[in-house]
Amino acid sequence: MKTARKPLKVRYSYLARQFASIDPILADIKKLVASGDFTLGAPVRRFEESFAKLIGAKHAVGVGSGTDALFLSLKALGVGPGDEVITAANTFVATAGAIETAGARVVFVDCDDKFVIDPSKIEDAVTKKTKALLPVHWGGQPWDMDAVLSIAKKKGLPVVEDACQSIGAAVGARKAGSVGAAAGFSLHPLKNLNVWGDGGIITTNDAKTAESLRLLRNHGMSSRDEYAFYAYNSRLDSLQAVVGNHLIKDFEWITQTRIDNAKRIEGALKGIKQLWFPPRAKNERHVYHLYQFLAEDRDGLLKHLQALGVDAKVHYPVPLHLQPASRRLGYKAGDFPVAEAQARRTITLPVHQHLTDEEIEHMIGCVKDFYGA
Ligand SMILES: *Cc1c(COP(=O)(O)O)cnc(C)c1O
């Protein structure tokens with residue numbers, strides 16, 4: 001595995017390139033400051049309208065973060081203490097945090113070979129206390145909509161979609177965020193549609209849910225002088241909405257470039273027998289927030305890539321149910337064998353829309369070198 005390949009820095013974060021020229025955004029921020037329209041003003045309403053259209057949902061409600069988007073969606077559906085909410089064992093900690101913040105107990109279900117919740121294992125996890133399903137469209141891969149929605153219907157459970165990593169993902173014509181009772185999205189700087197700090201947005205097709213969410217995010221204020229109930233302060237900042245209104249124009253390009261990059265890398269690596277790629281279904285649109293696959297000697301490959309300048313990552317080395325934070329829930333090693341096996345083998349390569357040809361070829365070359373391919 002000796003190699004003469006020279007290192008080349010391939011960054012995971014593309015923010016410096018993405019925001020290399022920001023004058024049009026700054027000009028709009030100047031206008032915002034002059035208007036004093038800092039909370040729930042015109043830029044927020046405009047972003048909500050564009051976002052609802054992008055997802056194909058009737059309503060969109062801007063909130064403070066993706067975590068709040070999930071938590072407030074659960075609250076709007078009446079989830080609270082004594083309830084259980086089912087989610088995927090291989091998710092980011094925020095999904096579980098949102099369930100606990102709503103006062104409910106987290107119940108994990110294993111994932112499948114596409115890194116999304118395994119529908120065949122959901123029913124066994126449903127109890128009398130189950131109040132909602134919170135499946136995660138992981139890394140840009142939508143979960144199996146037919147299977148999950150039919151279980152939800154059969155059991156009479158609402159679905160809150162964790163679409164934080166999957167803006168633009170779809171199964172056929174159905175976009176992630178358009179099929180559940182509500183869906184949470186994140187606008188965090190490293191998500192596919194990103195702003196200059198924290199931000200989140202919820203989509204729903206139900207007018208009543210949208211109305212509850214508008215109250216929940218804004219102190220329960222139905223007007224300046226009337227408060228319907230005690231609630232929260234979790235508004236999408238107007239300043240972030242200004243940034244979002246600029247970036248949403250590039251969203252198709254961002255998404256398609258990530259897809260093209262992933263396809264190019266996968267086409268080049270597919271023949272390597274020490275690597276396993278998730279099944280790619282023709283009718284599913286994976287938007288590659290994460291370009292993730294499984295590798296033999298993952299730790300060796302990771303070190304090799306990092307030594308040659310590639311910011312490869314692992315999402316994640318320790319599955320959530322085995323983290324200290326989950327100890328109280330009583331899970332143990334062996335409970336979710338697929339998620340645990342993936343944690344030992346998964347690796348994520350940069351796939352972002354600002355990669356150059358040279359950077360992509362460098363990553364491909366480094367992986368090939370490692371396996372002598
Ligand atoms: C990022 C993320 C969240 C939380 O979003 P924030 O905006 O960071 O609060 C929730 N779930 C998943 C799967 C995420 O990746």
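Q: How far from an oxygen atom of the ligand does a polar side-chain atom of Gln165 lie?
A: This is a predicted model, in which local features need pLDDT of at least 70 and side-chain atom pairs count only at pLDDT 80 or more, while totals for chains, interfaces and linings use all residues. Residues are numbered from 1 along each chain as its sequence is written, and side-chain values use heavy atoms, with hydrogens and water left out. A polar contact is a pair of N or O atoms within 3.5 Å; within protein, one must be able to donate a hydrogen and the other to accept it, and residues adjacent in sequence count only if both atoms are side-chain atoms. For Gln165, the distance between its polar side-chain atom and the ligand oxygen is 2.8 Å.

Q: Which residue has a side-chain N or O atom 2.6 Å from an oxygen atom of the ligand?
A: Asp162 has a polar side-chain atom 2.8 Å from a ligand nitrogen atom, which is not the atom type asked about here. The contact of 2.6 Å to a ligand oxygen belongs to the side chain of Ser186.

Q: How much of the accessible area that the ligand has on its own does the protein cover?
A: Accessible areas come from the Shrake-Rupley method with a 1.4 Å probe, and for residues only the protein chains shown count as cover. On its own the ligand has 380 Å² of accessible area, and the share covered by the protein is 92%.

Q: Which element gives the largest share of the shell around the ligand?
A: Helices (H or I, at least four residues) and strands (E, at least two) are DSSP runs, numbered from the N terminus. Two elements give two or more residues to the shell, helix H5 (93–101) and H4. The largest share, three residues, comes from H4.

Q: How many polar residues does the shell around the ligand have?
A: A residue is near a molecule or strand if one of its heavy atoms lies within 4 Å of it. There are 15 residues around the ligand, and Gly66, Thr67, Gln165, Ser186 and Lys191 come nearest. Ala, Val, Leu, Ile, Met, Phe, Trp, Tyr, Cys and Pro count as nonpolar, Asp, Glu, Lys and Arg as charged, and the others, Gly among them, as polar. By class, the shell has five nonpolar residues and two charged ones, and its polar residues number eight.

Q: How many aromatic pairs does the count come to?
A: Rings of Phe, Tyr and Trp (its six-membered ring) pair if their centres lie within 6.5 Å; planes under 30 degrees apart count as stacked, over 60 as edge-to-face and the rest as tilted. By this rule, the number of aromatic pairs is 13.

Q: Which residue forms an edge-to-face aromatic pair with Phe71?
A: The partner lies 161 residues away from Phe71, in the loop between strand E11 (226–227) and helix H8 (238–247), whereas Phe71 is in helix H4 (residues 66–76). The ring centres are 5.0 Å apart and the planes stand at 80°, and the partner of Phe71 is Tyr232.

Q: Is Phe71 buried or exposed?
A: Buried means under 20% relative accessible area, exposed over 50%, and partly exposed in between (1.4 Å probe, protein chains only). Tyr232 has 30% relative accessibility and therefore counts as partly exposed. Phe71 has 6%, so Phe71 counts as buried.

Q: Which residue of E3 is the bridge partner of Ile86?
A: Two strands pair if DSSP finds at least two bridges between them. Strand E2 (residues 84–88) pairs with E3 in the parallel sense over five bridges. E3 (residues 105–109) is mostly covered, with four of its five residues buried. In E3, Ile86 has as its bridge partner Val107.

Q: What is the order of the three strands in the open antiparallel sheet?
A: The edge strands, each pairing on one side only, are strand E7 (174–175) and strand E13 (284–285). Two bridges join strand E6 (residues 170–171) to E13, and Ala170 stands opposite Arg285. The order of the sheet is E7-E6-E13.

Q: What is the approximate phi of Phe115?
A: Most residues other than glycine have a negative phi, and most peptide bonds are trans. Phe115 is found in the loop between E3 and strand E4 (130–134), and is buried, with a relative accessible area of 6%. Its phi is positive, near 70°.

Q: Which residue is joined to His315 by a cis peptide bond?
A: The omega of this bond is about -5°. The partner lies in the loop between helix H10 (298–307) and helix H11 (337–345). The residue joined to His315 is Tyr316.
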